[in-house]
Amino acid sequence: MRPLHFMRFHLLLCFAPLFAAQVRGEDLVLKIPPVKTSLDIKGQAVKITAWGAVSSGPQGPFKLELTADLSDLQDNLGALLASQLNRSERCGERLSVENATLAAASPAAVLTARVHYERFGCAKAFGREVVKRLVGGNAVVTVKLTPAAGADGISMASEVLKIDADGSLGELVRSGSLGTSVKEKLAGSIESSIRKGLDLKSTLPPAVAAAATLRGAQFVSGTEGRLWFSVDGEVHISAAQFQTLFH
């Protein structure tokens with residue numbers, strides 16, 4: 001999967017008056033207040049709210065913690081997947097996403113999508129083209145999404161947990177390339193959406209960008225059952241460099 005380049009810390013500069021610096025003994029904490037970004041899904045803005053903190057203890061590197069609220073993405077998941085996966089080929093595949101859910105199973109998330117699939121074939125007969133449906137029906141695909149973090153950012157692994165489909169469609173989905181294709185496209189859509197909503201690392205101040213390393217990422221269940229996405233890492237800068245972020 002493509003790496004997920006994380007959050008733009010130019011917000012540290014743009015929102016500096018809103019940040020709260022706390023000093024507890026030798027501890028330094030820079031709180032990042034909630035910042036909203038949005039995705040456009042069929043003309044509708046889907047909001048992602050992110051917040052976090054950069055902190056240090058008496059020893060070691062600064063600790064980076066970031067959390068994003070993906071509940072609005074949850075509510076509009078069906079439209080998101082439909083906008084990216086739906087297709088209708090005259091002589092070929094026709095796929096439509098009927099509905100979808102995404103729930104935390106920390107550190108992973110479970111995506112369940114109900115899709116309608118048909119495959120059509122075309123042939124010449126008596127001087128004209130004949131279109132014939134070869135297979136079709138409904139399927140429920142359940143995919144496990146597991147994020148990981150490292151020096152290059154965040155990646156997303158996907159695994160098919162279950163496919164429910166009847167008859168010839170069931171055999172095609174389970175034994176053919178269709179199941180793998182749908183799985184990859186479902187996972188890719190979620191990864192792409194998170195990347196767009198949380199693209200906040202690309203303009204880090206040079207001293208911070210060169211010293212920041214992500215260590216972990218996970219989906220978590222937030223307040224009132226909301227889906228949250230959390231990452232943590234380290235920023236290897238001095239206390240003096242840290243203080244310059246306020247100026």
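**An open sheet, a hairpin and one disulfide**

In this predicted model, five strands form an open sheet in the order β5-β6-β7-β8-β9, with antiparallel pairing. Its edge strands, each pairing on one side only, are β5 (87-88) and β9 (153-165). Strands here, like helices, are DSSP runs numbered from the N terminus (E, at least two residues, for strands; H or I, at least four, for helices), and two strands pair if DSSP finds at least two bridges between them. In general, strands of a sheet pair through backbone hydrogen bonds, either parallel or antiparallel. Within the sheet, strand β7 (residues 108-125) and strand β8 (residues 128-150) run antiparallel and are joined by 17 bridges; H116 stands opposite N138 in β8. Helix α3 (residues 77-85) lies across β5, β6 (93-105) and β7, and runs at about 140 degrees to β6. This angle is taken between N-to-C directions on a scale from 0 to 180 degrees, with axes fitted to C-alpha atoms, for helices over the stretch in contact.

Residues are numbered from 1 along each chain as its sequence is written. Local features need pLDDT of at least 70 and side-chain atom pairs count only at pLDDT 80 or more, while totals for chains, interfaces and linings use all residues; side-chain values use heavy atoms, with hydrogens and water left out.

For the protein chain, the secondary structure comes to seven helices and 11 strands. Of its 247 residues, 45% count as buried, where buried means under 20% relative accessible area, exposed over 50% and partly exposed in between (1.4 Å probe, protein chains only). The accessible surface of the chain, from the Shrake-Rupley method with a 1.4 Å probe, comes to about 12,400 Å², and 51% of this belongs to carbon and sulfur atoms. Among contacts (heavy atoms within 4.5 Å) with a separation of 6 or more, 58% are between residues 24 or more positions apart.

A second place to look is strand β11 (residues 227-235), which is mostly covered, with seven of its nine residues buried. Strand β4 (residues 62-69) pairs with β11 in the antiparallel sense over eight bridges, and strand β10 (residues 212-221) does so over nine bridges. On the β10 side, G216 stands opposite D232 in β11. β10 and β11 form a hairpin with five residues between them, and in the turn E224 has a positive phi of about 55 degrees.

On the β4 side, D69 has W228 of β11 as its bridge partner. D69 belongs to strand β4 and is buried, with a relative accessible area of 10%. Its side chain makes polar contacts (N or O atoms within 3.5 Å, one able to donate a hydrogen and the other to accept it, with residues adjacent in sequence counted only if both atoms are side-chain atoms) with the side chains of S71 at 2.8 Å and R226 at 3.4 Å. Neighbours within four places in sequence aside, D69 is in contact with K47, I48, T49, W51, R226, L227 and W228.

Back at the five-stranded sheet, the whole structure holds one disulfide, a pair of cysteine sulfur atoms within 2.5 Å. The disulfide joins C91 to C122, with an S to S distance of 1.7 Å. C91 lies in the loop between β5 and β6 and C122 in strand β7, 31 residues apart, so that the pair links distant parts of the chain. The link of C91 and C122 is left-handed, with -90 degrees about the S-S bond. C91 is partly exposed at 39% relative accessibility, and C122 is partly exposed at 29% relative accessible area.
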